[in-house]
Amino acid sequence: MKTKTKFILLLTSLFFLAGCSSQLEISAMEDCSSHLDFKLELGSVITQTIESITQGLTEIENASANVAVKETEIFSKELIENAFKVSDFKNINVKIPEKDKLNLSLDFPSPVNQKVTTDRGNFKAANFITCTKNSLTLILSPEILRELSKNFNEESRTYLDLLMAPVFSDDEQMTSSEYIDLVEVVYGEKLAKELEKATVKISLIPPKGKTIKKTALSETGQSKLSSNKAVFTLPLADLLTLSSTKTFSISF
């Protein structure tokens, strides 16, 4: 596997295997474009697991070339920014304040102005984030996540398969507790416990000067509403075992 492929896939996988602290904030704009801020903190257990797996694969790759194994770089600012170059996303800003932390912000145009689709299907950002003159909607579904994964090559799929997440598989579904048990068997009790308490916090924000008039939120572990922000918290295990569509929307 090439190093670039590793890091891009690690980034994509980590959007789902997101440690104890993961926050996604989506802000609607007056022109129906949107702004996204994502903050990720992996935590020591997940960081150590990633380092162990990556270093092991690197050792195998470099064995025949007799190349010394360097310290694992979990995030690469340059490679992350390059991964978004062929896309509708603009003003991409990547910061890595610490080894296990990633801050990402970007803008994407209104649905009618989106042009870039995935390599293997007619799939745009508007398929899961849609902004109109009076609403902002986020859609999470197994179909959307699987469509995204189809664009990974065979080598990259190997990394995604390490998650063993039912949401990426057409195989028999399992409950979140069953998935946590599986993770414990394969990766150990520490990682399973970290997964069990891990959550994904998502915020939907109306354009400046406008207030939220109505919300339509699928069932989550927790939600908090105010006039200028809707925040819902979804257990990570629920996301990785998602079997039906969840829709989160605000009207303003």
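## A bridge between distant parts

Let's start with a pair of opposite charges: Lys-210 and Glu-30 join their side chains in a salt bridge, with 3.9 Å from N to O. Lys-210 sits in the loop between strand E7 (199-205) and strand E8 (214-217), while Glu-30 sits in the loop between E1 and strand E2 (34-41), so this pair ties together parts that are 180 residues apart in sequence. Keep in mind, as you look around, that this is a predicted model.

How open to the surroundings are the two partners? Lys-210 is partly exposed, at 29% relative accessible area, and Glu-30 is also partly exposed, at 45%.

## The other salt bridges

How many salt bridges are there by the rule used here? The count comes to four. Another of these joins Lys-229 to Glu-25, whose closest N and O atoms are 3.4 Å apart. Lys-229 belongs to the loop between strand E9 (222-225) and strand E10 (230-235), and Glu-25 belongs to strand E1 (residues 21-28), so the pair links parts that are 204 residues apart in sequence. Lys-229 is partly exposed at 29%, and Glu-25 is partly exposed at 26%.

A salt bridge can also sit inside a single helix, and here you can find one between the side chains of Lys-193 and Glu-189, at 2.9 Å from N to O. Both residues lie in helix H7, four residues apart, which is about one turn of the helix. Lys-193 has a relative accessible area of 49% and is partly exposed; Glu-189 is partly exposed too, at 44%.

## The two sides of helix H7

Now let's look at helix H7 as a whole. Which residues of H7 are buried? They are Leu-191, Ala-192, Glu-194 and Leu-195. Seen down the axis of H7, these buried residues fall within an arc of 160 degrees, so they line one face of the helix.

Turn to the face of H7 that points away from the buried side, and you will meet the exposed residues Lys-190, Glu-196 and Lys-197. Take Glu-196 as an example: with a relative accessible area of 55%, this residue counts as exposed because the cut-off for that word is over 50%.

## A negative patch on the surface

Glu-196 has company. Together with Asp-171, Glu-172, Glu-178, Asp-181 and Glu-184, Glu-196 gathers in a patch of negative charge on the surface. Which helix gives the most to the negative patch? Helix H6 (residues 176-187) does, with three residues. Glu-196, for its part, lies in helix H7 (residues 189-197).

## Two positive phi angles

Next come some backbone angles. Cys-32 has a positive phi of about 75 degrees although it is not a glycine. You can find Cys-32 in the loop between E1 and E2. Is Cys-32 buried or exposed? Cys-32 counts as buried, at 12% relative accessibility.

Asn-91, a residue other than glycine, has a positive phi as well, near 50 degrees. Asn-91 is placed in strand E3 (residues 90-95), and at 58% relative accessibility Asn-91 counts as exposed.

## A meeting along the chain

Finally, find Asn-127 in the loop between strand E4 (101-108) and strand E5 (129-131). Asn-127 is partly exposed, with 33% relative accessibility. How many residues apart along the chain are Asn-127 and Ile-144? They are 17 residues apart along the chain, and their C-alpha atoms are separated by 7.6 Å.

Key. Residues are numbered from 1 along each chain as its sequence is written. This is a predicted model: local features need pLDDT of at least 70, side-chain atom pairs count only at pLDDT 80 or more; totals for chains, interfaces and linings use all residues. Side-chain values use heavy atoms; hydrogens and water are left out. Patches are made of residues with over 30% relative accessible area and no salt bridge: like charges are joined within 9 Å, nonpolar side chains (Val, Leu, Ile, Met, Phe, Trp, Tyr) within 5 Å. Accessible areas come from the Shrake-Rupley method with a 1.4 Å probe; for residues, only the protein chains shown count as cover. Lys and Arg count as positive and Asp and Glu as negative; His and the chain ends are not counted. The place of a charge is taken as NZ of Lys, CZ of Arg, CG of Asp or CD of Glu. Buried means under 20% relative accessible area, exposed over 50%, partly exposed in between (1.4 Å probe, protein chains only). The arc is that of the directions from the helix axis to the C-beta atoms.
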